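Trainee: Could you take me through one part of this model in detail? I'd like a close look at the charged side chains and how they pair up.

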Amino acid sequence: ITPLISANPSYLTQRLEPFDLDMHDFPQTGRGVRTLIDRPPESRVLDWYDHEVVFAERALERRPDLAAAAEYAYSMRTPLTDETILACYIVLEELDPRND
């Protein structure tokens with residue numbers, strides 16, 4: 001039987017650990033990040049480097065193939081939503097053999 005989840009900590013787990021945070025499934029709101037220690041309400045919980053953040057415009061800048069598809073969809077009067085662009089970006093990045 002092949003495990004569905006790798007035994008190696010994920011990138012996200014590695015990024016959250018130094019901040020005493022982890023991923024958690026909350027009963028009412030679903031998957032999210034929880035703190036493992038008490039914190040003052042005004043404290044900064046985590047930092048992300050700018051290059052780690054992907055939003056729709058940045059996804060289109062990074063993936064010319066996706067930008068072409070978005071342009072075509074727009075020309076057909078069916079523009080892609082930000083959510084669609086991000087979902088496509090994630091899939092394309094996962095399938096890209098150059099992805100490290």
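Mentor: Let's settle the term before the pairs: a salt bridge here is a side-chain nitrogen of Lys or Arg within 4 Å of a carboxyl oxygen of Asp or Glu. Keep in mind that this is a predicted model. By that rule the count comes to 5 salt bridges.

Start with Arg63, in the loop between H2 and helix H3 (64-75). One of its partners is Asp65, with the closest N and O atoms 2.7 Å apart. Is Arg63 buried or exposed? Arg63 counts as buried because its relative accessible area is 8%, and the cut-off for buried is under 20%. Asp65 has 37% relative accessibility, so Asp65 is partly exposed.

Arg63 also pairs with Asp96, and there the closest N and O atoms are 3.0 Å apart. Asp96 sits in the segment after H4 while Arg63 is in the loop between H2 and H3, so this pair ties together parts that are 33 residues apart in sequence. Both Asp96 and Arg63 are buried. Through shared partners, salt bridges join Arg63, Asp65, Glu93 and Asp96 into one network.

Now look at what else Arg63 meets. Leaving out residues up to four places away in sequence, Arg63 touches Tyr89, Leu92, Glu93 and Asp96. Two of those names, Glu93 and Asp96, you've just seen in the network.

For another pair, go to Arg58 and Asp50, whose side chains form a salt bridge at 3.0 Å, N to O. Arg58 is buried, because its relative accessible area is 13%. Asp50 is exposed, because its value is 54%.

Next, some charges outside such pairs. Glu57, Glu61, Asp82 and Glu83 form a negative surface patch. Helix H2 (56-62) and helix H4 (82-95) are the elements that give two or more residues to that patch. Take Glu57, which is in helix H2: Glu57 counts as partly exposed because its relative accessibility is 47%. Measure C-alpha to C-alpha and you'll get 9.4 Å from Glu57 to Leu86, though they're 29 residues apart in sequence.

Last stop, Arg44, in the loop between strand E2 (30-35) and H2. Arg44 has a relative accessible area of 65%, so Arg44 is exposed. The C-alpha atoms of Arg44 and Phe19 are separated by 9.6 Å, with their positions 25 residues apart along the chain.

Note on methods: Residues numbered from 1 in each chain as written. Predicted model: local features only at pLDDT ≥ 70, side-chain atom pairs only at ≥ 80, totals over all residues. Heavy atoms only, no water. Patch = residues over 30% accessible without salt bridge, like charges linked within 9 Å, V, L, I, M, F, W, Y side chains within 5 Å. Areas by Shrake-Rupley, 256 points an atom, 1.4 Å probe, with all protein chains shown as cover. Lys, Arg positive; Asp, Glu negative; His and termini not counted. Charge placed at Lys NZ, Arg CZ, Asp CG, Glu CD. Helix = DSSP H or I, 4+ residues; strand = E, 2+ residues; numbered from the N terminus. Buried < 20%, exposed > 50% of the residue type's maximum accessible area, 1.4 Å probe, protein only. Contact = heavy atoms within 4.5 Å.
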